[in-house]
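Please take a moment with the sequence and the structure shown here, and keep both in view while reading. The paragraphs that follow go from one region to another, and each is best read with the named residues located in the picture.

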Amino acid sequence: MKATWAKGLSYLTLTSILLAGCASNSTKTESESIGTSSGSSIEQSAKSGGVVRFAMATEVDSLDPYQSAATDTSSMMDNVFDGLFDTNEKGELIPNLADSYEISEDGLTYMFQLKEGVKFHDGSDFSAEDVVYSYSKLAGLKTGEPMNSKFAGISSIEVVSDYEVVVSLKEIDSSFIARNIVAIVPSDYEQQSKQPIGAGPFKFKEYKAGQQLVLVKNADYYLEGKTPKVDEVQFKIMPDAQSSILAMQAGEIDVLPGITEQGLMQLGDSVEVVSGPQNMVQLMALNNSFGPLSDIRVRQAINYAIDKDSIIDTVAEGKATKLGSNFSPAMDFYFEEGLENFYETNIEKAKQLMAEAGFADGFDLQLTVPSDYQFHVDTAQMLASQLQQININVKIEPIEFSTWLERVYTNAEYESTVISFTGKLDPFEVVGRFVSDYPKNFVKFDNEKFDSVLDSAVKEKDEKEKANLYKEAQRILTEEAGSVFIMDPDRSIAMANGLTGFKMFPVQKYNLEDLEFTE
């Protein structure tokens, strides 16, 4: 049967509608010079070339884009790989390896028109075969085991011509189009974990564990006007925040992401700053399958005992948005207002719920924290202090992030943890982490109504009704106290004076191709 198609424009207006809610807050970035005039860098002329040095707090977890789970790693390596689409500062999808797309009227089939004349870093030509190879791996079409559960809904993918490919879904999934920012890799190349090859603006040069990741300019980058201006980017692995600040003071580092206000005060007028909301959720994740935490009354008691305002004022120095569910107002079209005040701090109410659950005398709770992130460590210390008020004896367990990924994220071997869920372009990917059968639902949240609401949301075509369903899902997460949803912290990036071009996005992304030095 011949499919009837609805065209997608080259600027992806369908997805722009879906993602328009991201634009209101996440793109209100602040770009300022500390101690210098706001126009000083604009008046200077740009020059090509040079090396940019980043300080990164965490280690690379995998060079293979399909094996990596760490946000910092993907932020670096996204510059090596391109997907069919990318995102702009407003959270809208824009064409990369695809020029346009069409969706069949039944919503089950997507046809992508691909760019011609693109080459991978090894000199091989990009074609529809590479898309088929990449998506087949992600969907597990040959093995029966998807590498990424977000692509498990693909039933088939076929080459129509060298530059046309058709993807068929098992059922309607309105979130699918936003997932096409995933890396496309050259077909039949199996050395991505050692020598990654993509089609992005930068090429992989070297990686030395515990030391640095080095990328070099792709002078033949296919997107017009997007050829990188700097020759090389070095990501220095520096887990100690103070050491990074000292290195920047000494002129050994050019970019320091995630710097605190105190750090900025140390650096003074030697840096420029780009800052803004992150579309991120920091939470105290509660393992709902662990003993006392399996009781909703205990989870609610913990929520009533936590003073989020105090944590924000102390840890985030007041620069964050208080949250009440696993959703940031950066995506305001889908955001349910008011949940941030659902659990107003109430110690007596918390004690009452603990008693009703049979834990009046409290219990011991291990709080596992990735030691690489001082922000989370500081949050954990405040949580431990606050929970003493309801007789919960918190023992903080600091572990390296690589260990956290294996023990907590992959195997759910923990009781509670502090972590941040990074921003996504699609609302399902934000709250879908809590669906009961989601493979990485390490919170072990299990609620039939929640699952049903989200199932309806991904099949819903009407945008307003879809938004209402996502809002209902947020309410369920809050009412069931799935975890303690704390804040969306602002993020500041310090840059050496004379380096320009860094932008903020509704997802953590480093636009290295736009960086340049000024004379």
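In what order do the six strands of the open sheet follow one another, and what is the sense of their pairing? In this predicted model, the order is β17-β21-β16-β20-β18-β19, and the pairing is mixed. The strands β17 (residues 320-322) and β19 stand at the edges, and because each has a single partner strand, one side of each is left without a neighbour in the sheet. From one strand to the next, the twist averages 25°.

One edge of this sheet can be followed in more detail. Strand β17 and strand β21, which covers residues 484-489, run antiparallel and are joined by three bridges. One residue of this pairing to look for is K322, whose bridge partner in β21 is M487. Across β17 and β21 lies helix α9, which runs at about 35° to β21.

Helix α9, made of residues 308-315, also has a helical partner, since its axis and that of helix α11 (residues 374-387) come within 10 Å of each other and cross at roughly 145°. The crossing of α9 and α11 is right-handed. On the side of α9, the residues that take part in the contact are S310, I311, T314 and V315, and they meet F375, D378, T379, M382, L383 and Q386 of α11. Sorted by class, this contact between α9 and α11 holds five nonpolar residues, four polar ones and one charged one.

The loops on either side of α11 are worth a visit too. The loop between β18 (363-370) and α11 contains Y373, which counts as partly exposed because its relative accessibility is 22%, and the cut-off for a buried residue is under 20%. When its neighbours within four places in sequence are left aside, Y373 is in contact with T58, D72 and F401. The C-alpha atoms of Y373 and E400 are separated by 9.2 Å, although the two residues are 27 residues apart along the chain. In the loop between α11 and β19 (392-399) one finds N391, which is partly exposed, with a relative accessible area of 40%.

What is the phi of N391, and is it positive or negative? The phi of N391 is positive, near 65°, in a residue that is not a glycine. This deserves notice because most residues other than glycine have a negative phi. A second case is K444, again not a glycine, with a positive phi of about 60°. K444 sits in the loop between α13 (427-431) and α14 (448-459), and it is partly exposed, with a relative accessible area of 40%.

Further along the chain, helix α15 (residues 463-479) is the place of A467. Is A467 buried or exposed? A467 counts as buried, because its relative accessibility is 3%. Its contacts, apart from neighbours within four places in sequence, are with F333 and Y334. Measuring from C-alpha to C-alpha in the model, A467 and A457 are 7.9 Å apart in space, while 10 residues separate them in sequence.

Another region to explore is helix α5, which consists of 12 residues, 128-139. At 1.5 Å a residue this helix should span 16 Å, and its end C-alpha atoms are indeed 16 Å apart, so the expected and the computed values agree. Of its 12 residues, 10 are buried, so α5 is largely enclosed by the rest of the structure. The buried residues of α5 are A128, D130, V131, V132, Y133, S134, Y135, S136, L138 and A139. What covers the buried residues of α5? The cover includes the strands β8 (109-114), β9 (154-161) and β10 (164-169). After α5 comes G140, whose phi is positive, near 65°.

One of the strands that cover α5, namely β8, leads to a last feature. Strand β7 (residues 98-104) pairs with β8 in the antiparallel sense over five bridges, and within this pairing I103 stands opposite Y110 of β8. The two strands β7 and β8 form a hairpin with four residues between them, and in its turn G107 has a positive phi of about 75°.

Definitions and conventions
Residues are numbered from 1 along each chain as its sequence is written. This is a predicted model: local features need pLDDT of at least 70, side-chain atom pairs count only at pLDDT 80 or more; totals for chains, interfaces and linings use all residues. Side-chain values use heavy atoms; hydrogens and water are left out. Axes are lines fitted to C-alpha atoms, for helices over the stretch in contact, and angles run from 0 to 180 degrees between N-to-C directions. A crossing is left-handed if the near helix is turned anticlockwise from the far one by less than a right angle, and right-handed if clockwise. Contact means heavy atoms within 4.5 Å. Ala, Val, Leu, Ile, Met, Phe, Trp, Tyr, Cys and Pro count as nonpolar, Asp, Glu, Lys and Arg as charged, and the others, Gly among them, as polar. The expected span of a helix is 1.5 Å times one less than its number of residues. Buried means under 20% relative accessible area, exposed over 50%, partly exposed in between (1.4 Å probe, protein chains only). Two strands pair if DSSP finds at least two bridges between them.
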